[in-house]
Amino acid sequence: MLRTFAADLHIHSCLSPCGEWEMSPARIIRRSAEAGLELIAVCDHNSCENAGAVQRAGRREGVTVLAGIEVCSKEEVHVLALFPGLDAALALQAWLYEGLEGENRPELFGWQVVADENDAVLGENPRLLIGATRWGLAEIVRRTQGLAGLCIAAHIDRPAHGILNQLGFIPAEPAFDALEVSWRVPRGEARSRFPEIGALPCITSSDAHRLADIGRARTRLRLAAPTLEELRLALRAEAGRGLLED
Ligand SMILES: [Zn+2]
Ligand SMILES: [Zn+2]
């Protein structure tokens, strides 16, 4: 049976150097549940080391968590890669780490905390996660889709790391599965303000780096269940699935 799910598919955890400490797995889930979200994706910069913990915390409270990564391409474009399972996300992460140089300097960029589903600190990620990988956009889209993931150009309205500012256009090939506008743009206005969106599906998400921002923008989806495959159908508007206008 199809019904409506409220989704926020771009949430950072305390693993992102720019994410607040309070963005721990259990707290993210508690706030998501309070905000009425049933489907979220945790998308840290170039890493998914907290995704499993957020997923386990989510299972306790009925919030489904997709394992995601916000990848920074060599063109300095931010792309969301969402996966059907943690293994595929970890496979992309391994490839991203090969293309990521430098060490984090927490005093400059912020701490990168790896935590478990009970918010216990397990350690720190020493890599320069905030940096750009040396992988090009086209290769990132192909790899993500090759791992059965969905690839979404992030916050296309933003000057910093949005594809329109960085490239000036949306490449036709390899095609993104969707585009995202930030919370600043009402989704209903996205196409008129950014005609480059063309026929691609357009979602909106919070890009939350602190708890209060979770769910400040959300996409309502008509799905049979909160899974990546259902999300794929919704983006393609197939089998009765779809994105609902707000
Ligand atoms: Zn971003
Ligand atoms: Zn982000």
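Buried residues account for 46% of the 246 residues in this protein, and the model you are looking at is a predicted one. The chain is built from 8 helices and 11 strands. Its radius of gyration is 16 Å, close to the 18 Å that the globule rule gives for 246 residues, so the protein is as compact as a globular protein of that length. Along the principal axes, the C-alpha atoms fill a box of roughly 45 × 40 × 30 Å. Of the contacts between residues at least 6 apart in sequence, 70% join residues at least 24 apart.

**The sheet**

- Nine strands form an open sheet with mixed pairing, in the order 9-8-7-4-3-2-1-10-11.
- At the edges sit strand 9 (202–204) and strand 11, each of which pairs on one side only.
- From one strand to the next, the twist averages 35 degrees.

**The nonpolar core**

- The largest nonpolar core holds 68 residues. Those with the most contacts inside this core are Ile40, Ala41, Val79, Ala81, Leu82 and Ile152.
- Strand 3 (residues 64–72) gives the most to this core, contributing 6 residues.
- As background, nonpolar side chains tend to be buried together in soluble globular proteins.
- For a closer look at one core member, try Ala81: leaving aside residues up to four places away in sequence, Ala81 touches Gly68, Ile69, Val71, Leu92, Thr144, Gly149 and Cys151.

**Strand 3 and its neighbours**

- Strand 3 is mostly covered, with 8 of its 9 residues buried.
- On one side, strand 3 pairs with strand 2 in the parallel sense over 7 bridges; here Leu39 has Thr64 as its bridge partner in strand 3.
- Strand 2, helix 2 and strand 3 together make a right-handed β-α-β unit. Helix 2 (residues 51–61) lies across strand 2 (39–45) and strand 3, and runs at about 160 degrees to strand 3.
- Strand 3 also pairs with strand 4 (residues 78–83), this time in the antiparallel sense over 6 bridges. Val71 finds its bridge partner in strand 4 at Val79, a residue also listed among those with the most contacts inside the core.
- Strands 3 and 4 form a hairpin with 5 residues between them. Glu76, in the turn, has a positive phi of about 60 degrees.

**Strand 10 and its two partners**

- Side chains alternate along strand 10 (residues 219–223): Thr219, Leu221 and Leu223 point to one face and are buried, whereas Arg220 and Arg222 point to the other and are not. This is in keeping with the general pattern, in which the side chains of a regular strand alternate between the two faces of the sheet.
- Strand 1 (residues 3–11) runs antiparallel to strand 10 and is joined to it by 5 bridges. Arg3 has Leu223 as its bridge partner in strand 10.
- Strand 11 (residues 242–244) also runs antiparallel to strand 10, and 3 bridges join the two. In strand 11, Leu221 is partnered by Leu243 and Arg220 by Leu244.

**The loop after strand 10**

- Ala225 lies in the loop between strand 10 and helix 8 (228–236).
- Ala225 is partly exposed, because 13 other C-beta atoms lie within 10 Å, while a buried residue would need 20 or more.
- Ala225 and Arg3 are 222 residues apart in sequence, yet their C-alpha atoms are 8.2 Å apart in space.

Conventions:
Residues numbered from 1 in each chain as written. Chains lettered and ligands numbered in written order. Predicted model: local features only at pLDDT ≥ 70, side-chain atom pairs only at ≥ 80, totals over all residues. Buried ≥ 20, exposed ≤ 12 C-beta atoms within 10 Å, placed from the backbone. Helix = DSSP H or I, 4+ residues; strand = E, 2+ residues; numbered from the N terminus. Pairing = 2+ DSSP bridges. Rg over C-alpha atoms; globule rule 2.2 N^0.38 Å. Contact = placed C-beta atoms within 7 Å. Core = buried A, V, L, I, M, F, W, Y, C linked by C-beta atoms within 7 Å. Axes fitted to C-alpha atoms, helices over the stretch in contact; angles between N-to-C directions. Right-handed = clockwise from strand over helix to strand, strands pointing away.
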